[in-house]
Every structure is written in C-alpha cells, then in structure tokens.
Amino acid sequence: MAEEQELLQLELLCKQLYETADANLRTEAEKALVSFANSPDCLSKCQLLLERGNSPYAQLLAATTLTKLVSRPNVTLPLEQRIDIRNYVLGYLASRPKLVHYVLQALVQLFARITKLGWFDIQDKDYVFRNVITDVTKFIQSGSTQHVMIGVQLLSQLVCEMNQVSEEDDEHEADSSRSLTKHRKIASSFRDLQLFEIFQLSCELLQTAAGNIKSMDFSDDSQHGLISHALRLAHNCLTFDFIGTSTDETADDLCTVQIPTGWRSAFLDGATMELFFSLYSSLPPSLSSIALSCLVQIASVRRSLFNNTERAKFLNELVTGVRNILENPQALSDPSNYHEFCRLLARLKTNYQLGELVKVTNYPELIKRIAEFTVTSLRQMWQFAPNSVHYLLSLWQKMVASMPYVKANEPHLLETYTPEIFKAYTMSRLESVTVVIKDGLEDPLEDQGMINQQLDQLSTIGRCEYEKTCGLLVQLFDEAAQRYQEAINSGTQGVEITIQEGRLSWLVYIIGAVIGGRISFASTDDHDAMDGELACRVLQLMNLVDSRIAQYACEKLDLAILSFFEQFRKIYVGDQVPKMSKVYRRLSEVLGLNDESMVLSVFIGKIITNLKYWARSEQITWKTLQLLNDLSVGYSSVRKLVKLDAVQFVLSNHTNEHFPFLGLNANNRSFADMRCRTTFYTALARLLMVDLREDDEDKFEEFMVPLTSAFESVGTMLTNMDTPQKEEEAKRAVVGLARDLRGVAFAFNTKTSYMMFFDWIYPSYTPILHRAIEVWYHDPAVTTPVLKLMAELAQSRSQRLLFDVSSPNGYLLFREVSKVIDSYGSRILTIGEVPKDQVYTMKLKGISVCFSMLKAALCGNYVNFGVFRLYGDNALDKAFGMFVKLLLSVSQRDLMDYPKLSQNFYSLLECLANDHMAFISSLEPQVFLYILATISEGLTALDTMVCTGCCATLDTVITYLFKNLTIKKKKRNHMQQNEAFLRILELHPEILQQMLSTVLNIIMFEDCRNQWSMSRPLLGLILLNEEYFNKLRDSIIASQPPDKQQAMVQCFENLMSGIERSLHTKNRDKFTQNLSLFRRDVNDSLKAANGQSPTHCTQFLDMMS
C-alpha cells in the first residue's frame, strides 16, 4: 500500500513539474524529485514507475533518472545491474512500441548512454555491451513499422552518443581531459567495429524504401517517421567524427569527411550516391533536405580514399546529380532544400581542384547553370535565405582564387561568369535598401559580422575581370552620389535621402572590399589607377558627409567609410607600399593628395571629426579608435603622422572639450563603454614617443597636463562624496582615468618614457588609486581598471624597468604592488557568499589580476627580494601572505573553469617555484597540500599552457625535494626549516604517487601534446617513488594479453636503461630520449594487440590516481 501511495505521490510531483503554471509549486516539485533521484532505493522505484506508472511524465522521470544514475562519473553501478537495466529497456521498448515520443526518446537515450559507458566491460570473456546490432536487428526484422522505427532510433541515438562527449563529463572540468581521451577510445573502437555495418543497414533500409516509394503514404506519421529516422541514421554515420578533430559541432569549416579506408566499397560503385540523389528527387521536402544533407557529406569524402581515376569517376557522378537538380529546380523552393543544395555546391570546390572540375563531362553547361542559379539566388533570396548566400559566394571565391594554379587545357570560363556574380550581388544589396526601409525588414547593414564575411568573399570575386568590376562600381556610385547630392540640395528629408544613404553605404563597403582584395592578386599599374578612381569618389563623398555632420549624420554611412579606410590603409599606407603607386597619381590629380603624408592627414582629419561628433555611437568610436591605433603602429607611417599639425593638436588637447567621448557622463554610458579610452591613449602615447628624448620632460609634462588636472580633480572628489550623485561622478572619473593611464603605460615601452611616467605618478598620485580601492573594493567596475593599471606598471615589457644602480624605484614599485594586493585582497575576502553567476565578475576577476600583477613584479628582474627580509621590510611577506589567502578562497573547480584565472595562477605558481621555493616549502601543511592538488589537476588541463606550466612547477618542486632528501641522508643535522616540508610528503606519499600515475597515464595512453615537458618531472617522481613505480609497472604488464607482456616488460626496461639515480641535466636528457622511444614502442604494442583496447590498463591507472 505504501508503494502505491509513493507511486501516486511521484506522479503528482511530475505533473506539478511539467504542467503547473505556479512557479513556487514547480520549484517545490523539482526539489522533491531531485531528492528522489539521490535516494538509495531510486533504482527500484524507477522500475516501479516504468512498470506501473499511469502518467507519461512519470515514465519520463524514471528514464531520465536512470540515465543520470548510469552516467555518474565517480560512482559506477555494478556490471550485472547495468546489464539488467540495458536488457530491461530493450524488453520494455519491445513490449510497448507506442510510447509517447518523449518517453521513447528518453529510453533510447538511456540505452545509448549505458552502451557507450560499458563499451569495454567484459563478462565471461565477452564484451557484453557490444552486441548492439544483434539486439536491434530483432526490432528491424519484426515486420512492425513501430518496432522497425524503434530499432532505427536506437542505432541513430547510439551513433550520436558515441560521437559526443557526455554532458555529465563536460560538467566536471577537472576530469574533462581524461573524459575526452576515454571518449575517443570508445568512439574509435565503435567506429572500427560497428559503424560501417550500421551505415550499410541504413542504406539497405533506404534502398527498400526507395523501391516502394510510389506506394508510400507520407501523410502517415509512422511511414514518414520511419524514412526520417533511417535518413537521420545515415546522416549521423556520415557526420561521425572519424579521427577526433571536430570539437565544435556547430562549425562548418571542417569540410573533409575522413571516411575510413574500409568504407571504400560503399563509395566506389556509385550506388550509394545514386540512392541519395534518387531519394531527394522522390521524397517530399520535409525529408528530401536530409537526403541532400547526406549528399553534402558524401561530396566531402576525403580525396585520398580514391586514386585519380576513381576520383574523377566519383566527381563525374556527383556533378551529374547536381546538374540534374539544377535542370529540375522545383524542389529548391523549399528553404531547407535550398540551403543544403547551396552547401553541396560549396563542397564541390572545397574538396576538388578547379583543374579537376573543368574536366567533368559537359563542364561548360554545369558552370553556366551554377552561375544562373547563383545570380537568381543573389537577386531573389537575400531576404529569405541570407545564410545560404555565404556558401554560393564561398564557391565562387575559391574558384577565382584557384585560377592562377589551373594547369588543365580546358577553359574554366570564370572570366565570363564572375562579373555577372559580382553585379548580381552588388545590385541585390542596392535593391535591398528600398525593400528594407519601406517594408520595415531587418537591415543587413546592421549585421557587421555578415557584412565582413560576405565582403571578404566578394573581394576575391571582384578582382577577377577587375576592369568590369570598377566600371560597374564607378557607374553605380556616380548615379547614387548624384541623387544624394540632388536630395541634399533640394532639402529632401525622410525616406528618399535614407535610401540614398543606404545605397551609398553598400557601395562604399564594396569599394573598400575590392581594394582590399588586391592583396590576393597580382596587380598591375592599371589596377592601381582604378583603385585610385574608386578611392577619389569615396573621399569626395566623405567630404560631403562631414560638411553636414554638425546638422545631420548617418551612422551606417560613416561605418562604411571607416571600413573603406581600414582596407585602404592595409593596401596603400605603410612600409610595404610602392612610393610611386598609380593610386596616388590619381588622388593627386583629383583631390590634390600628392603623397602618403597628405592621405594620412585625411585619415587623421576623419578620425578627429568622428571623435568630436560621434561620441554617442559606441560602434563608430570603437572603429575610429581602432583605425588610429593601427596607424600608430607602422614604423614609417607613424613618423609621417607626428609631423602633421592635426596630430600635434590632438597630443596637446586630448580633453572632453575637443573629444566628448572622454567626458564623465558621455550619454550616461556604462562603465564598460569607457574601455575605448585605453585604445585612444595607447595610440596617443605611441605618437608622443616617436620624438621623445631623455631631455624632453617639458614635452612629456605638456602631454600629461589634462591627466594631471584629472588626477587633482579626482583627489578632490574623493574627499567630497556626500551625495550619491557626487559619488557616481567620482567613480566614473576614477575609472576613466585608470583606463587612460593604462593606455599610456602600455605604450611607454622604453626606459626613458617609462621613467618619466613613473616619476609623474609616484608618489604624487598612487595614494588616490589606493583610496579608490579602499572605497569601492566591492565594485569590480572600479577595481578592475585600477588593478589592471597597477599590473601594467609592474610589467617589465621590452626591459623598460631597468632602473639605475642608485635608484630605489624598483623597490618602491614593488611596495606599491604589495600594498595594492594587500589592500584589495583583505577587503574582497570580506564580501561573503557571491551568487555563482556573479562570482567571476565580483571576485575572481580581481583575484586573477592580482595574481598577474604579482607574477609581473616577481619576474620583472628589477628587485632583489632578499633585501626585504634583510632590512625588516614586510612588503614581500605581505604580498605572499595575501596570495595564500586569496588562493585558499578559490575552489579548485573555479581555478580550472575560468581560463584567465587558471593561466594567471599557474604562471605565478611557476614563478614562485623557480625563484621562491623556500617560501613554498615553509607553507602550512594544508596550504602546501592544496597547491600540490592544484598542480595535479593542472596536469590534465586541456589548456596546453596550463599543463606545461604545471609540469615545470612540479619539476622544480620534485628537484628541490630530491635534493633535500639527498642532503638529509648525507647530513643528519640538516637545516630544520625544510623538515616540515619533507614530513608532509612523507606523511602523504599518495600525492606524488597520484601525480606519477597521472603523468605516466598521459604519456602512455593519451594524446600527449607536450611530451618533453611531461618527461622532466617524471624522472624525479620515479626516483622518489621507486617501489610504487615498480608496482605500477607490474600491474600494467599484467593487464596486457599474455603474448604482449614480454614486449611491455622490454619497454619498461628500455625506459630506465642507462638512467642513474640523479637529476643532473645529462641524466634528464637521456631519460627524455628513452621516454620518447618508450611512448612509441608502447603505442605500437597496443595497436598490434589484435584490436584490444588499452582501456583496462588506463582503468587501473585511474584507480591508482
């Protein structure tokens, strides 16, 4: 009775969770069901729910709970229990074929998950979870449509499951590296043993369906569903990540399908491709798009699967199918079919050379039809399928880029059709403007990502037959500019002038793109002259636009002009540009711009105008400052820039009066929007440095006048914050100033300039920065810019912090760094619990910057740290002490989850181990053990920088430990200060043993990307744990098949051959060489072991670790 009651209660909770509109009730139900999932008798209750539950929600709960139970990373159910669950699910599906779709999907997911996780489990010498096809064939051979559909779904979900790392693994970042490795081993074994058979089964089902297609009723859900699932099964097989390279499922740039050689038979006879083309032509649109998607994958089969003759035959069959679709395009009116067909066309050039394409049967007809299809698509489909256009442009871009390399005698005819493609794209953009404005559609001009992507493709297309390209652009631009001028002169307002501005925006973008395309083509003087014609028109338009900017401005048009400037700068401004380029000749004739300096003056004029009038537009401000920043980097251009009066004006007048975006309340922007100020001051400081000499202090002081007055103003504000408004003003002033100064400090990378800056800021203004941290330590919008400024000051970039021997500045700077870290750290640790979604912003980001700052100061080589203790200065001890407190406040999970925090921490730890090992060895036991635990976690990190840093740190610790143990044995009365350190490791030998196991596991069985780094600490770990290493070796050998054990014994003997019991460099290098051969021999041995997986070895290593 109690069972029945509990069953009813669970069903009620499920109903409340999935159906109720009351959020509180739903939350309570969710809590109760989480508690149920964690209860000890959960397994039996799930079976009860499946057997006797009346509600599909209850069945769903049981299935999803069982999936979570079998997926737990740290708790594995007994093998017998997992076999029982698998068999029960199959029996349950067989006896209940008409389950609600979401319950069926959950049970199929459970079957797939339990099969994957148990792939290498053995019972009575049998891999019990691998008899998938045998079990599923029973469903398929039953004759019932429902059972066949369930069988196909089971296989389809299994293929998907094998192809992706489980979500549960992703949630445990610390184990992510091992999870990925185990996943690849399972996926590779599944690929080799069963995937091809499953693909063949899907093709057989589809072949049968294709034969009966005329008698099928696609309005019948079961028949439609069966074909759909069979197609998806084939598609899942073809999209399988065969060699483990596709980590991002959303990426479409991995255009080669690495089909195994064993699959050749499926693609050589042409029947497979013919099947999918046939299915496309005969199925309704809801299904035919999946068939096309399969063809996209088939078209992408790796070239090396075929010899030249086979490849030519395969390509001919593919092209024949494509041509048939183009000749009968009715089905392409469906958006999904259209999109997949565009992808298929793009793959023609991705996987085949233009020289191969021109040799296919009836190539002229093919290229003509593709061109006609592209032109129609560009003119008609831009608003319905904008994402598909990318694939068409990609096809033409790659074909045009290949033209110089074609050696075939057959004509490619691209010069005939490319101008048509370019014209169609350009006209479609111009025509879109009117439609967008009048119909209120989404404006493509507002999608910068799409614009950049398409223009990048168009830039190559446009440079083919460049005379025609320029002729078209000149004609269209002159017409649009004339209408725009007429509209301005007549005082026209509203829609008409907006349309003209939109059309001109597109033309300016396209002109910039084709000028930028010069970089990928061998250009002639005539082409440069054409670029000059186009550039003249854009600059004339800019003059017209800027003359009205005080009264009226168009953001889209100004963004297009900035895009043009960026492209023109890359090609015609800088050190690599021919001085007598014809582009300047044309600019001189039309606009009087005789050389690069005069063109640069136009650039600077536009930059100043934008910064003056466009403070309200974050996008224009950012792009304008990026242009200024790019100009300030070039060697020759920057020297020409500083000679311009406009640049000298900016260097003397960088205030909010002239540049409103520097104002404290510029349109009430958020603090994040003030980041552009750093870019502005970086560029200005670079320009200032060009002529800054040691005796130019007056010049420096003049430049710093606005910043000096800003600092003084902030100091006053901090003493007078009696109202929220005044506090907000003070806060904004501090943030703006910190960002400005960071830009200046970043650019000052010479000793002369840095010393001027340091003498200016210290000691006059650093107290204001300390005060800001004390007041607003809880507000990361303030603390992050201030901390980053201090971190920048501590950076010895380009050896700029080379203080004179009589200068105490290095020590004074470190004191300031120590003071900031101590001040911020002591306060941030008091803020208590922070919500998980805010913990990085509120706390961890600041801690990360503190780690970066301390690392910069410790590694800057401008302080002798022994002096601090010698003279009783506690600055170093305070910095180290705060580092420990901050570290202990961060969980290991957070250290691994946040990449910047992880990199800053591990690089700091490596620095401490190298230069301050005495500090690490004197830490409290729990702190030292925590640091060792973080090193252990870092060894398996996916970030190679973190992993390599951990290896170096561990090597230093192990070397220090080995050295001290050796000394201890020689000198019984060894120094007491290292006793605690040694005692900790003697009491906890499992820590180093775990690391030994981890490193050995990575080197032997995983994709070790930094083998040299891993080899360095491994020798020390072996020498410190010789007994444990021998046990580990014996266990690995015993886990091998009997005929392979002797080979593994030999591998380990060779590893230690000629190795002495020391950590001298010569001995280490010998060990590294041995290890390289050891890894190769182990891999060869494992590969040759009759397809056996090394997983049982790694399982032992995992247990040991």
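**Exercise 1. The negative patch**

Task: find which residues gather in a patch of negative charge on the surface, and which helix gives the most to the patch.

Solution. Start with the rules of counting. Lys and Arg count as positive and Asp and Glu as negative, while His and the chain ends are not counted. A patch is made of residues with over 30% relative accessible area and no salt bridge, with like charges joined within 9 Å and nonpolar side chains (Val, Leu, Ile, Met, Phe, Trp, Tyr) within 5 Å. Each charge is placed at NZ of Lys, CZ of Arg, CG of Asp or CD of Glu. Accessible areas come from the Shrake-Rupley method with a 1.4 Å probe, and for residues only the protein chains shown count as cover.

Now look at the surface: the negative patch brings together Glu-697, Asp-698, Glu-701, Glu-702 and Asp-759. Next, ask where they come from. With four residues, helix α32 (residues 697-718) gives the most to this patch, and Glu-697 is found in that helix. Helices here are DSSP runs (H or I, at least four residues), as strands are (E, at least two), numbered from the N terminus.

A word on the model before we go on: it is predicted, so local features need pLDDT of at least 70 and side-chain atom pairs count only at pLDDT 80 or more, whereas totals for chains, interfaces and linings use all residues. Residues are numbered from 1 along each chain as its sequence is written, and side-chain values use heavy atoms, with hydrogens and water left out.

**Exercise 2. Aromatic rings**

Task: work out how Phe-199 and Phe-267 are arranged as a pair, and which parts of the chain the pair links.

Solution. First, the cut-offs: rings of Phe, Tyr and Trp (its six-membered ring) pair if their centres lie within 6.5 Å; planes under 30 degrees apart count as stacked, over 60 as edge-to-face and the rest as tilted. The structure holds 42 such pairs. In one of them, Phe-199 and Phe-267 lie 6.4 Å apart, centre to centre, with 15° between the planes, and the pair is stacked. Their places are helix α10 (residues 176-211) for Phe-199 and helix α12 (residues 264-268) for Phe-267, so the pair links distant parts of the chain, 68 residues apart.

Then check how covered they are. Buried means under 20% relative accessible area, exposed over 50%, and partly exposed in between (1.4 Å probe, protein chains only). Phe-199 is buried, at 1%, and Phe-267 is buried too, at 3%.

Finally, widen the view: Phe-199 and Phe-267 belong to one aromatic cluster, which also holds Trp-119, Phe-190, Phe-196, Phe-240, Phe-242 and Trp-263.

**Exercise 3. Salt bridges**

Task: compare the settings of Lys-556 and Glu-446, and then of Glu-792 and Arg-800: are they buried or exposed?

Solution. A salt bridge is a side-chain nitrogen of Lys or Arg within 4 Å of a carboxyl oxygen of Asp or Glu. The whole structure has 46 of them. Take Lys-556 and Glu-446, whose side chains meet at 3.6 Å, N to O. Lys-556 sits in helix α25 (residues 555-572) and Glu-446 in the loop between α20 (414-439) and α21 (448-463), 110 residues apart. Lys-556 is partly exposed at 28% relative accessibility, while Glu-446 is exposed at 58%.

Now turn to Glu-792 and Arg-800, whose salt bridge spans 3.0 Å, N to O. Both of these residues are buried.

As a last step, find a network: salt bridges link Asp-478, Glu-533, Arg-537, Arg-586 and Glu-589.

**Exercise 4. Backbone details in the loops**

Task: locate the cis peptide bond that leads to Pro-763, and say which loop holds Ser-798 and Gln-799.

Solution. Begin with the bond from Tyr-762 to Pro-763, which is cis, with omega near 0°. Pro-763 lies in the loop between α34 (751-761) and α35 (766-776). The ring of Tyr-762 also stacks with that of Phe-758, with centres 5.5 Å apart and planes at 15°.

Move on to Ser-798, in the loop between α36 (780-794) and α37 (809-828). Its phi is near 55°, a positive value in a residue other than glycine, and Ser-798 is exposed at 51%. Gln-799 lies in the loop between α36 and α37. Gln-799 has a positive phi of about 55°, although it is not a glycine, and is partly exposed at 48%.
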